[in-house]
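Visitor: Hi, I have a model open and would like to talk it through. Could you keep me company while I click around?

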Amino acid sequence: MIIDFLRRDKRVSILLAVLRVYLGYTWFMAGLGKIIGGSFDASGFIQGALAKTTGEQPAVQEWWGVFLQNVAIPNIELFNFLVPWGELLVGLGLLVGCFTKTAVFFGITMNFSYMFSGGISINPQLVLLSMFILVSAMNAGRYGVDGLIIPSLKEKLPFNKAKEVKDIA
């Protein structure tokens, strides 16, 4: 019932658009700051996360530490590129409402990565707010690029026409 309301109500789409723009602005500015600053280096953050894998009650789980040690650190240059550009592109997608579900999915993925690494900050709030966007399906992008292009794409895709025929029968 609530999910249907989030997915179909046009009044909710306005609230979702405001929420989407807030999330987009937050991601965009975080990425832009790292790119313009030119000195972003994730290695300190990752080393700090690895230090949190020890002790009686570690803040970072051992399995995540193994990932950081064996994947992130050996490929730190790739992560130094992906993090700021990922944040910027997620933000851009959410700001303009283009590929909204994809952008919010990758935003949530980054939020969980930061939380898995022991960073709390704004991440839980962003995950919670992002869940509304993710659950709302297309309604969050109704007032954005998605709202302009998705309806025409649906008409042109052959598998949507087969569905219409099936629904009529």
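Visitor: Let me start with a serine. Which helix is S130 found in?
Guide: S130 is in helix α7. Before we go on, please keep in mind that this is a predicted model.

Visitor: Noted. Is S130 buried or exposed?
Guide: S130 is buried, because its relative accessibility is 1% and buried means under 20%.

Visitor: And what does S130 touch, apart from its neighbours within four places in sequence?
Guide: With those neighbours left aside, S130 is in contact with L23, V104 and I108.

Visitor: L23 rings a bell. Which residues of the largest nonpolar core touch the most other members?
Guide: L23 is one of them, along with W27, L94 and I133. That core has 16 residues. The elements that give two or more residues to it are α2 (10-37), α5 (76-96), α6 and α7.

Visitor: Which element gives the most to this core?
Guide: That is α2, with five residues. As a general remark, nonpolar side chains tend to be buried together in soluble globular proteins.

Visitor: What does W27 touch, if residues up to four places away in sequence are not counted?
Guide: Quite a list: E87, L88, V90, G91, L94, G107, M110, N111, Y114 and L126. There is also a second, separate core of nine residues, and A42, V60, W64 and I76 are included in it.

Visitor: Let me zoom out. How many helices and strands does the protein have?
Guide: The count is nine helices and zero strands, so to speak α-α-α-α-α-α-α-α-α when read along the sequence.Visitor: What does the C-alpha trace span along its principal axes?
Guide: About 60 × 35 × 30 Å. The accessible surface of the protein comes to about 10,500 Å², and 69% of that belongs to carbon and sulfur atoms.

Visitor: How many of the residues count as buried?
Guide: The figure is 34% of the 169 residues. As for contacts with a separation of 6 or more, 74% of them are between residues 24 or more positions apart.

Visitor: And the charges? How far apart are the mean positions of the positive and negative ones?
Guide: They are 12 Å apart, with 14 positive and 11 negative charges in the protein.

Visitor: Back to serines. Where is the place of S117?
Guide: S117 sits in the loop between α6 (100-116) and α7 (123-135). This serine is buried, with a relative accessible area of 4%.

Visitor: Which residue's side chain makes a polar contact with the side chain of S117?
Guide: That partner is W64, at 2.8 Å. A polar atom of the S117 side chain also lies 2.9 Å from the backbone oxygen of S113.

Visitor: What else does S117 touch, beyond residues up to four places away in sequence?
Guide: Besides W64, the list has F45, A49, K52, V60 and L68. W64 and V60 are also included in the second core.

Visitor: How far is S117 from T53 in space?
Guide: The C-alpha to C-alpha distance is 9.0 Å, while in sequence S117 and T53 are 64 residues apart.

Visitor: New topic: backbone angles. What is phi of S121?
Guide: Phi of S121 is near 45 degrees, a positive value in a residue other than glycine. Most residues other than glycine have a negative phi. S121 is found in the loop between α6 and α7, and it is exposed, with a relative accessible area of 69%.

Visitor: What about F99, where is that one found?
Guide: F99 is in the loop between α5 and α6. Its phi is positive too, at about 55 degrees, although F99 is not a glycine.

Visitor: Is F99 buried or exposed?
Guide: F99 counts as exposed, because its relative accessibility is 56% and the cut-off for exposed is over 50%.

Visitor: One last stop, V135. What does V135 touch, not counting residues up to four places away in sequence?
Guide: V135 touches I3, L6 and R7. V135 lies in helix α7 and is partly exposed, with a relative accessible area of 27%.

Visitor: How far apart in space are V135 and W64?
Guide: They are 27 Å apart, C-alpha to C-alpha, and 71 residues apart in sequence.

Methods:
Residues are numbered from 1 along each chain as its sequence is written. This is a predicted model: local features need pLDDT of at least 70, side-chain atom pairs count only at pLDDT 80 or more; totals for chains, interfaces and linings use all residues. Side-chain values use heavy atoms; hydrogens and water are left out. Helices (H or I, at least four residues) and strands (E, at least two) are DSSP runs, numbered from the N terminus. Buried means under 20% relative accessible area, exposed over 50%, partly exposed in between (1.4 Å probe, protein chains only). Contact means heavy atoms within 4.5 Å. A polar contact is a pair of N or O atoms within 3.5 Å; within protein, one must be able to donate a hydrogen and the other to accept it, and residues adjacent in sequence count only if both atoms are side-chain atoms. Accessible areas come from the Shrake-Rupley method with a 1.4 Å probe; for residues, only the protein chains shown count as cover. Lys and Arg count as positive and Asp and Glu as negative; His and the chain ends are not counted. The place of a charge is taken as NZ of Lys, CZ of Arg, CG of Asp or CD of Glu. A nonpolar core is a set of buried Ala, Val, Leu, Ile, Met, Phe, Trp, Tyr and Cys residues joined through side-chain atoms within 4.5 Å.
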